[in-house]
Amino acid sequence: MSERSDLQGRHIVLGLTGGIACYKSAEFVRLLTKAGATVQVVMTEAAEAFITPVTMQALSGRSVVTSQWDAREPNNMAHINLGREADAVIVAPASADFIAKLAQGRADELLSLLCLARPRERCPLLVAPAMNREMWSHPATQRNVATLSADGARILGPGCGDQACGEVGDGRMLEPAELLEDLIAFFQPKLLAGRRLLITAGPTFEPIDPVRGITNHSSGKMGFALARAAAEAGADVTLVAGPVHLPTPRGVKRVNVMTASQMYDAVVPNAAAHEVFIATAAVADWRPASLSEHKIKKEGKKVAPTFELTENPDILAAVAALPKPPYCVGFAAESENLLEHARAKLIRKRIPLIIGNLGPATFGRDDNALLVVDAQAHHALPADGQPTDKLTLARALIQELAQRLQAVQA
Ligand code: C5P
């Protein structure tokens, strides 16, 4: 997603402190600039032991600032100017020592000084810890991190896994792509803060025998984009996914299923605990009535085998029929007469909102054009009907959903 311009017009101060994860910050600068941000790198003396300002200057296209006594600033107040210009300060990597310093409000070099001096109400501080697992779990570090959070800083990660010291555990800095996703999410309006959303995505796979089955071309991209957009908007998201090879959006709980029956079991008993259910999955309407225990062999057969099919349960209709259903949103993938078919489905499944799209034109693609249909009205999304990337569409849909939820509850 780094080729998108999600950070267009944002100015980010990226602070590096002493840690081997500085090598990841080089890649992070590339991702930030590709996403449209301008990046001003600030390095502590310890960071310079791990990566050179030359590298960071080349990648950011700006001179790196390393000293509070940098006389290039006309007013000689780098610590004030840097914070005033920034939309956010992100310290990545943040060492245990630097976190301790921030927690205490100390300011004996440029980076801690500018973190303290920045206008807090409009320039947030994000901190990506990077350290050995013993250092991370030490009560002093945990105390400092809690203090930093209470003071309004956003802590990103840390991740878990192999560490440069040879140990395995919590304390790794998040990967550059994860930091980017978290930063982009941070800037999104929190329209669904605290809401619980359940989303289905992808195809289902209905086995015929141990090696074959019935499935469809759904890629899961629209459902995954919706899960990401909802999580960015502050929702607590559970994504029930059919067999797709897509990365789980940050902060989303994922439940993998294979068949329609498994999807039904993962969704229906849990749906009432959610405020919204969005059914983007392309659920197979039929499954083989019986499953062959062994592979059906071709040898010795004169005629092709035939299968009896049985109908799968309708997950969306079942959720909508619950005594206290969540707000249900369906998808209608059609090949013609989009409005007519979508409206018919809305009525048949007794749901308040359905999103129509042309199946053959969208399956597997990164962009789509939608028709938003309720009982009274319909409109195109985007308004000009031109295909747009699925994450942009998902964010627009989440915005619309937030408005509808407010109206329902008003
Ligand atoms: O009836 P049809 O499959 O065209 O309806 C599509 C909508 O219903 C989608 O939102 C889809 O996720 C949902 N659906 C479902 N369970 C099924 C079939 C469809 O939840 N068995």
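**Exercise 1. The ligand and its polar partners**

How far is an oxygen atom of the ligand from an N or O atom in the side chain of Lys-345? Then find the backbone partners and the cover that the protein gives.

*Solution.*

Step 1. Note the kind of model. The structure is predicted.

Step 2. Start with the side chain. An N or O atom of the Lys-345 side chain and an oxygen atom of the ligand are 2.4 Å apart. A polar contact needs a pair of N or O atoms within 3.5 Å. The Lys-345 pair meets that cut-off.

Step 3. Turn to the backbone. At Ala-281, a polar backbone atom lies 2.6 Å from an oxygen atom of the ligand. At Pro-313, the partner on the ligand is a nitrogen atom, 2.8 Å from a backbone N or O atom.

Step 4. Add the cover. On its own, the ligand has 450 Å² of accessible area, and the protein covers 87% of that.

**Exercise 2. The shell around the ligand**

Describe the residues around the ligand by count, by class and by element of origin.

*Solution.*

Step 1. Place the ligand. The space that the ligand takes is the largest pocket.

Step 2. Find the contributing elements. Two or more shell residues come from each of helix H11 (315-320), strand S16 (327-334) and helix H12 (338-349). H12 has the largest share, with three residues.

Step 3. Count the shell. The ligand is surrounded by 13 residues. Ala-279, Ala-281, Pro-313, Phe-331 and Lys-345 are the closest.

Step 4. Sort by class. Seven shell residues are nonpolar, five are charged and one is polar.

**Exercise 3. Ser-60 in its helix**

Which backbone oxygen does the side chain of Ser-60 reach at 2.8 Å? Give the element, the burial class and the other polar partner as well.

*Solution.*

Step 1. Locate the residue. Ser-60 belongs to helix H2, which covers residues 53-60.

Step 2. Assign burial. The relative accessibility of Ser-60 is 11%, so the residue counts as buried. The cut-off for buried is under 20%.

Step 3. List the partners. The 2.8 Å contact of the Ser-60 side chain goes to the backbone oxygen of Met-56. A polar atom of the same side chain lies 3.3 Å from the backbone oxygen of Arg-62.

**Exercise 4. Two residues between H2 and H3**

Are Thr-66 and Asn-76 buried, partly exposed or exposed? Place both, and look at the backbone of Asn-76.

*Solution.*

Step 1. Place them. Thr-66 is in the loop between H2 and helix H3 (78-85). Asn-76 is also in the loop between H2 and H3.

Step 2. Classify them. Thr-66 has a relative accessible area of 33%, so it is partly exposed. Asn-76 has 38%, so it is partly exposed too. Partly exposed lies between the limits of 20% and 50%.

Step 3. Check the backbone. Asn-76 has a positive phi, near 60°, and is not a glycine.

Step 4. Gauge a distance. Thr-66 and Ile-80 are 14 residues apart along the chain, and their C-alpha atoms are 14 Å apart.

**Exercise 5. Backbone exceptions elsewhere**

Which residues are joined by a cis peptide bond with omega of about 5°, and which by one of about -5°? Then examine Arg-350.

*Solution.*

Step 1. Take the positive omega. Ala-92 and Pro-93 are joined by the cis bond with omega of about 5°. Pro-93 is part of strand S3, residues 88-94.

Step 2. Take the negative omega. The cis bond at about -5° joins Leu-381 and Pro-382. Pro-382 sits in the loop between strand S20 (378-381) and strand S21 (388-389).

Step 3. Examine Arg-350. Phi is positive at about 55°, although Arg-350 is not a glycine. Arg-350 is in the loop between H12 and strand S17 (353-358). Its relative accessible area is 72%, so Arg-350 is exposed.

**Exercise 6. The whole chain and one buried leucine**

Give the overall content of the chain, then describe Leu-397.

*Solution.*

Step 1. Take the chain. The protein chain has 14 helices and 21 strands. Its C-alpha trace spans about 85 × 55 × 40 Å along the principal axes. Of the 410 residues, 50% are buried.

Step 2. Take Leu-397. Helix H14, residues 390-409, holds Leu-397. With 7% relative accessibility, Leu-397 counts as buried.

Step 3. Add a distance. Leu-397 and Val-244 are 153 residues apart in sequence, and 22 Å apart from C-alpha to C-alpha.

Notes. Residues are numbered from 1 along each chain as its sequence is written. This is a predicted model: local features need pLDDT of at least 70, side-chain atom pairs count only at pLDDT 80 or more; totals for chains, interfaces and linings use all residues. Side-chain values use heavy atoms; hydrogens and water are left out. A residue is near a molecule or strand if one of its heavy atoms lies within 4 Å of it. A polar contact is a pair of N or O atoms within 3.5 Å; within protein, one must be able to donate a hydrogen and the other to accept it, and residues adjacent in sequence count only if both atoms are side-chain atoms. Accessible areas come from the Shrake-Rupley method with a 1.4 Å probe; for residues, only the protein chains shown count as cover. On a 1 Å grid over the protein atoms alone, a cavity is a set of points where a 1.4 Å probe fits but cannot get out, and a pocket is an open set with protein on both sides within 12 Å along at least five of seven lines; lining residues have an atom within 4 Å of a point. A molecule sits in a cavity or pocket if more than half of its atoms lie within 2 Å of its grid points. Helices (H or I, at least four residues) and strands (E, at least two) are DSSP runs, numbered from the N terminus. Ala, Val, Leu, Ile, Met, Phe, Trp, Tyr, Cys and Pro count as nonpolar, Asp, Glu, Lys and Arg as charged, and the others, Gly among them, as polar. Buried means under 20% relative accessible area, exposed over 50%, partly exposed in between (1.4 Å probe, protein chains only).
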